[in-house]
Amino acid sequence: MKIDRRLLINFDWVFLGVVLLVSAIGILNIYSAGHNLYVRGEPLYTKQIYWLLVGLVLMAITFSLDYHTIIRHAYLIYMLSIALLFLVSLYGDITHGSQRWLVLWGFSFQPSELMKLVLIIVLARYFSDTAEEGYPPENILILLAIVGVPFYMIARQPDLGTAMFLGVLFASVVVFVGIGWNILVSFVAGGMILTPLCWLLLKDYQKERILTFLDPERDPLGTGYHIIQSIIAIGSGSLWGKGFLKGTQTQLKFLPEQQTDFAFSVFAEEWGFLGSVVLISIFLALILLSLKIARNSKDLPGALLAFGVTMFIFWGIFINIGMVLGIFPVVGIPLPFFSYGGSSMVVLMMGAGLLMNVSMRRFILQP
Amino acid sequence: MFGNRDRLANYDPNTFRKKIRAVTWLVLCAFFLLIARVWYLQVVRGDNLRQRSENNRIRIQEIKPLRGLIVDTRGDILVDNQPSFDISIIPEISKDIVDVLNRLTNLCDWAGDGLSLEKAFLKFGKTFAPVKVARNIGRDKLAVVETNSLDLPGVGIDVVPVREYIYGEMMAHLLGYVGEVTALELEGSAFSAYRGDDIVGKYGIEKYLDGFLKGRSGGEQVEVDAVGRRLNVLGRIEPVSGYNVVLNVDSDLQKVCWDAFLEEAGTAIVMDPRTGAVTAMISRPSFDPNLFNRGISGENWKNLTSNPLCPLQNKAISGQYPPGSTYKLIVAAAALEEGLITEKTQISCDGTYQMGDRTFRCWKKGGHGTVDLHRAIVESCDVYFYHLGDMLGVDKLAKYAERFGFGSKTGVSLPGEKDGLVPTKGWKLRRFRKPWQRGETTSLSIGQGFSLVTPLQLLRAYCALANGGTLYKPRLVKRIETADGQMIEEFPPESEGMIPISKEHIDILKYALWGAVNEPHGTGGELKRKEKDVCGKTGTSQVISLREDDEGQKGEIRYRFRDHALFVCFAPYENPVVAVIVIVEHGGHGGSVSATIARRIVDGYFRLAQERHMR
């Protein structure tokens with residue numbers, strides 16, 4: 001295979017640099033959160049490093065393939081991902097009462113994370129195909145099926161947070177494409193029909209968990225407590241922070257889920273307002289760079305792909321940080337590139353690979 | 001595939017850029033919102049929250065619910081909750097944990113039981129969360145710890161309810177026991193609603209109905225000071241007590257059964273043939289379930305598990321025995337129903353039966369002479385049934401055995417029930433890859449050979465004969481209710497169908513069972529009461545098959561090779577109200593040991609009924 005020289009010239013080093021910077025800070029943060037914790041075997045920060053390396057390899061693969069090729073196989077990829085979700089429902093590992101993990105050769109993986117990226121790819125394909133016809137509204141059922149099937153399967157696990165995240169991604173892309181409010185309204189209606197259907201399939205304790213999610217006040221000793229501790233952790237970081245490895249909320253285990261959902265709280269406690277602003281700014285830079293890639297794309301599939309991945313990263317940041325700051329209810333959405341989690345890290349790296357893919361091919365037209 | 005030219009034609013970079021610009025503004029707004037909130041928390045409220053983090057002693061304390069009680073059919077409490085005292089340590093307050101641990105050990109003169117603090121410390125790290133180090137300490141130790149509390153920083157006493165099994169080993173197999181949920185159990189899906197230190201049922205009813213008994217935890221959000229004293233309760237959710245379970249078991253009758261045994265190992269079950277209600281069930285030897293409350297010691301556990309008489313096994317449902325002569329009733333029923341014999345069919349017994357080159361013997365040397373079905377059952381003539389078995393064949397016999405409920409679990413509400421075994425030609429081929437031998441049917445027709453039943457299955461089958469043909473599901477649990485007596489679930493009699501035997505044939509068999517107890521030469525003569533109302537059948541399950549020349553030394557054969565003695569009976573003859581099975585392990589040939597015990601139980605049952613009637 002002959003490598004086009006322009007690909008190398010246009011390789012987005014800055015973007016890659018920002019991604020690696022966030023990941024590195026994330027790993028330091030995981031180290032701090034775990035350094036007073038007794039764990040059997042490998043500590044989480046080294047595991048995260050391994051996942052980052054795996055992610056980099058997959059990222060390289062993702063940007064090496066022309067994104068048009070990826071788009072061309074969008075429906076196949078989508079079907080395979082649905083099959084993975086189906087496998088989860090059959091053989092998935094059950095932890096804390098929900099079935100999300102697929103264990104292969106000792107590695108656990110969450111296909112629902114992958115589905116977020118696949119949804120973006122399949123929507124990019126779908127809207128590219130229908131752009132000429134001006135997004136005929138009669139195709140709405142197809143559109144609903146595309147998002148509805150994975151939504152239903154993930155909600156059933158149950159993992160309502162991830163399912164709703166799919167909904168948010170979908171809505172973002174639909175609004176952006178501008179195919180009209182009627183589609184959005186139908187989507188909401190479809191959701192309202194699906195929800196009670198899911199409800200019937202859930203067990204009592206699962207329903208209880210969802211009710212608590214919708215109304216944390218139901219469980220002031222669980223979720224409510226988490227939020228209080230998170231706010232104390234962040235606020236007590238004050239202007240300068242308590243210093244690396246010195247966050248009392250973190251080290252004394254007042255803060256729950258320190259390495260995953262509440263990773264930002266750990267950082268904010270130890271690095272203070274200044275650290276938080278720096279980290280949020282880096283995240284902002286990441287989003288702005290991604291939007292630039294979308295803006296500079298030469299064709300519709302590339303633009304949609306770039307925009308979708310941008311939204312994937314953006315909503316992850318906004319929902320997660322908003323959650324630990326007490327703006328949003330507690331949902332299990334990780335902070336992109338920052339929280340501990342293999343599936344999330346690997347999938348986001350592939351997302352970043354897609355963005356770089358679009359970026360470096362912006363001057364090349366398909367022969 | 002799609003052409004690029006069209007795509008470009010349709011792609012308008014300008015509108016797209018406009019949209020991106022709009023999105024950029026929205027993103028900026030969102031990030032501004034985040035920064036503003038961070039600024040508010042860290043700068044505006046920073047000092048305040050810093051203060052709070054330094055005084056942060058807000059803890060969630062779980063309030064464990066009271067576990068439901070288990071009561072007998074008349075409301076007599078079988079399992080109660082009693083307060084006990086646990087010692088826990090808050091590592092962050094103790095500072096030097098090993099030192100505190102040593103002092104604690106010296107003060108209480110502990111032999112180190114249950115104190116594995118270093119391990120706990122490793123597990124929890126520096127934490128304000130209390131770590132449990134000793135369970136269920138006695139009041140003497142409690143006093144010592146209390147008076148020395150100043151020298152024991154971070155050491156606290158928790159009052160926790162523990163299970164008290166009032167009847168001790170008498171009901172151990174029935175009620176079971178509880179223990180802390182293990183890490184292994186927590187990983188499985190069945191325990192998703194449980195937490196690390198939850199108490200769960202491990203055996204018996206405690207296990208089977210754990211979901212009803214355990215209740216729901218409450219919790220308190222409490223503020224504690226720097227040394228862990230509670231200052232303030234910020235919020236509280238009351239725990240919900242577990243449901244109470246009402247059994248069909250009658251504790252008085254259970255005691256009768258328990259006392260009916262002397263030193264023998266074995267089991268007895270009492271059932272109401274009209275409803276399938278199990279009113280007593282014992283298994284001996286037994287164990288004290290209260291031992292498990294205090295965290296059973298390694299030595300005790302070893303004694304229990306290494307005992308060859310298997311005290312931890314509930315022999316009533318997990319013991320599998322060849323049914324011996326009690327099986328002859330099923331063979332007779334099948335032969336009658338298939339039309340192979342009638343009540344009047346006579347067969348001559350000279351003490352031996354030839355099948356190929358093997359000689360099978362009747363238990364009675366010299367034989368019974370010519371007998372009809374009635375006499376064959378009364379005197380338990382083996383040769384008669386050898387002939388019937390051969391006429392039926394193994395598979396036809398298996399068909400009837402299955403309809404009598406053999407070979408599958410009865411579904412009684414206890415864990416660990418066994419299936420038993422109804423052998424067929426196909427089974428043997430699968431299991432041993434060898435074809436069925438005709439002689440094996442011969443052994444089978446007197447309940448020896450491959451056939452295995454659990455005592456509960458056998459009793460249920462006899463109950464079906466007693467009540468005119470209905471196979472009831474054995475029911476231990478009568479109902480489940482809330483702590484204040486509201487009904488949650490009731491368990492009415494549950495029929496599992498009729499045995500495929502006509503009323504007329506059942507009557508023939510019932511009469512023969514009456515004869516076995518009350519007629520001259522009947523094998524169950526021990527049960528002959530003055531009312532002459534008991535019907536029953538003895539049985540012997542062979543532990544090893546003895547060859548003819550061993551016969552002379554039978555008295556001396558070692559205990560563990562001795563046969564099991566069986567007796568199953570019901571009373572009165574008309575409209576039976578009680579059915580009893582007794583199995584004495586290694587009780588020897590002929591079933592007289594078990595018949596003696598069954599006699600005590602039947603007498604006890606009617607004595608209790610009379611006493612209650614008088615009152």
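I601(B) touches V256(B), C257(B), A260(B), A268(B), V270(B), V580(B) and V582(B), leaving aside residues up to four places away in sequence. The model is predicted, with an ipTM of 0.91 and a pTM of 0.63. Chain B has 615 residues, 42% of which count as buried.

**Nonpolar cores**

- The largest nonpolar core holds 124 residues, and those that touch the most other members are I269(B), C569(B), V580(B) and I601(B).
- Helix α22(B) supplies the largest share of this core, at nine residues.
- This core lies between domain 2 (59-247) and domain 3 (251-286 + 313-478 + 493-614) of chain B, because both domains give residues to it.
- A second core, separate from that one, has 114 residues, including M59(A), L114(A), I121(A) and F312(A).

**Fold of chain B**

- Chain B contains 24 helices and 23 strands.
- Among contacts in chain B with a separation of 6 or more, 73% join residues 24 or more positions apart.

**Helix α23 of chain B**

- Helix α23 of chain B covers residues 503-518, and its 16 residues should span 22 Å at 1.5 Å a residue; the end C-alpha atoms are 22 Å apart, so the expected span and the model agree.
- Buried positions in α23(B) are H505(B), L509(B), A512(B), L513(B), W514(B), G515(B), A516(B), V517(B) and N518(B).
- These buried residues of α23(B) pack against four elements of chain B: α16 (328-337), α17 (373-378), α22 (455-466) and β21 (535-541).

**Residue Q437(B)**

- Q437(B) sits in the loop that runs between α20 (425-432) and α21 (438-444) of chain B.
- Q437(B) counts as partly exposed because it has 14 C-beta neighbours inside 10 Å, where 20 or more would make a residue buried and 12 or fewer would make it exposed.
- V394(B) is 43 residues from Q437(B) in sequence, and their C-alpha atoms are 9.7 Å apart in space.

**Confidence in chain B**

- The average pLDDT of chain B is 84, and 85% of its residues score at least 70.
- Over residues 1-9 of chain B pLDDT stays under 50, and the model has nine contacts beyond four places in sequence for this stretch.
- Residues 546-554 of chain B also stay under 50 in pLDDT, with one contact beyond four places in sequence.
- Predicted coordinates should not be read in detail where pLDDT is low.

Technical notes
Residues numbered from 1 in each chain as written. Chains lettered and ligands numbered in written order. Predicted model: local features only at pLDDT ≥ 70, side-chain atom pairs only at ≥ 80, totals over all residues. Helix = DSSP H or I, 4+ residues; strand = E, 2+ residues; numbered from the N terminus. Expected span 1.5 Å × (residues − 1). Contact = placed C-beta atoms within 7 Å. pLDDT = per-residue confidence, 0-100. Core = buried A, V, L, I, M, F, W, Y, C linked by C-beta atoms within 7 Å. Domains from an automatic or database assignment.
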